[in-house]
Amino acid sequence: MPLFARCVGLRWAVLGLSLLVLAAPAHAADTYQVIHTYPHDQQAYTQGLLYLDGHLYESTGLKGHSSLRKEDLETGRILQFQDVPSQYFAEGLSSWGATLVQLTWQNHLALVYDRATFRFLRTLPYSGEGWGLTEDGKSLILSDGTATLRFLDPATFHEVRRVVVKDHGKPIDQLNELEYIHGQVYANIWHSDRIARIAPATGKVLGFIDLTGLLLDSQRTDPEAVLNGIAYDPDHDRLFVTGKLWPSLFEIKVIPEKIKPASVARKK
């Protein structure tokens, strides 16, 4: 082959390799195994979810339909229910001490309840929108639909610090429902089947969990019936996920990409 042709071929080969590197995903996502499937109220527009003291607590959204609920995991039965005033579109939910803290979407207020009785206690103001909420034992952590996570003083809701969530330098926005697990923030990414695992100190994305196929398309009754809702049971190391208007809640086991089995089995 003439030298010129070999040089051109080499340049194209290098260019092709560069394009492949650029096209490659920043992270090969982990996948999942379904351990158990539980019933879930398909009318619940799930905005916040947590597992505490053997029960699920859920915040549901939409103006005029927002609620706070305590539920039995095994049956999906609602054990305790509190309507949210119709002017509020409820969002994320977290516990703090003996209270539950529920965000509102665009009212710039968090609603604080007594956890045992659901008695309304007070409001806490914040700027911007409220999407997801969790806590790390020191701060409440709020998402607002952008790539920013804000760390708030639980007593005053004043911002202590913030991080911008990035994957290899690229901001990851649309962060929605949150859960703090093993020192990481798990975040639903709105309108996707992915959960991001985030380092809270830096905002760096440590990896993604791909939950594609978790709910059959035939079971989605609405375009907004998207993945949203993460809860963790630390006593039994159980991870639960669901979505807005989903008929099921799933206990899953995360399968790291490097040991992903050829097929993923489901258990009932």
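This report covers the overall make-up of the chain and then its aromatic contacts.

**Overall make-up**

The model is predicted. Its protein chain holds 22 strands and one helix. The chain has 268 residues, and 49% of them count as buried. The accessible surface comes to about 13100 Å². Carbon and sulfur atoms supply 56% of that surface. Among contacts with a separation of 6 or more, 51% join residues 24 or more positions apart.

**Aromatic pairs**

How many aromatic pairs does a search of the whole structure find? The search finds nine. A pair of aromatic rings is described by the distance of the centres and the angle of the planes. Two of the pairs are set out here, beginning with Tyr 38 and Phe 240.

The ring centres of Tyr 38 and Phe 240 are 6.2 Å apart. Their planes stand at 70 degrees, so this pair is edge-to-face; the cut-off for that class is over 60 degrees. Tyr 38 belongs to strand β1, residues 31–39. Phe 240 belongs to strand β21, residues 238–243. The two parts are 202 residues apart in sequence, so the pair ties together distant stretches of the chain. Tyr 38 is buried, at 4% relative accessible area. Phe 240 is buried too, at 0%. Tyr 38 and Phe 240 also join Tyr 51 in one aromatic cluster.

Tyr 126 and Phe 157 make a tilted pair. Their centres lie 5.6 Å apart, with 50 degrees between the planes. Here both partners sit in loops. Tyr 126 is in the loop between β9 (120–125) and β10 (132–135). Phe 157 is in the loop between β12 (148–152) and β13 (159–164). The pair therefore ties together parts that are 31 residues apart in sequence. Tyr 126 counts as buried, with 7% relative accessibility. Phe 157 is also buried, with a relative accessible area of 3%.

**Charges over rings**

Which rings have the charged end of an arginine over them? They include those of Phe 151 and Phe 208. The table gives each arginine and its distance from the ring centre.

| Charged residue | Ring | Distance from ring centre |
|---|---|---|
| Arg 161 | Phe 151 | 3.8 Å |
| Arg 194 | Phe 208 | 4.2 Å |

**In brief**

The Tyr 38 and Phe 240 pair links strand β1 to strand β21. The Tyr 126 and Phe 157 pair links two loops. Arg 161 places its charged end over Phe 151, and Arg 194 does so over Phe 208.

How values were computed: Residues numbered from 1 in each chain as written. Predicted model: local features only at pLDDT ≥ 70, side-chain atom pairs only at ≥ 80, totals over all residues. Heavy atoms only, no water. Helix = DSSP H or I, 4+ residues; strand = E, 2+ residues; numbered from the N terminus. Buried < 20%, exposed > 50% of the residue type's maximum accessible area, 1.4 Å probe, protein only. Contact = heavy atoms within 4.5 Å. Areas by Shrake-Rupley, 256 points an atom, 1.4 Å probe, with all protein chains shown as cover. Phe/Tyr/Trp six-rings, centres within 6.5 Å; stacked < 30°, edge-to-face > 60°. Lys NZ or Arg CZ within 6 Å of the ring centre and 35° of its normal.
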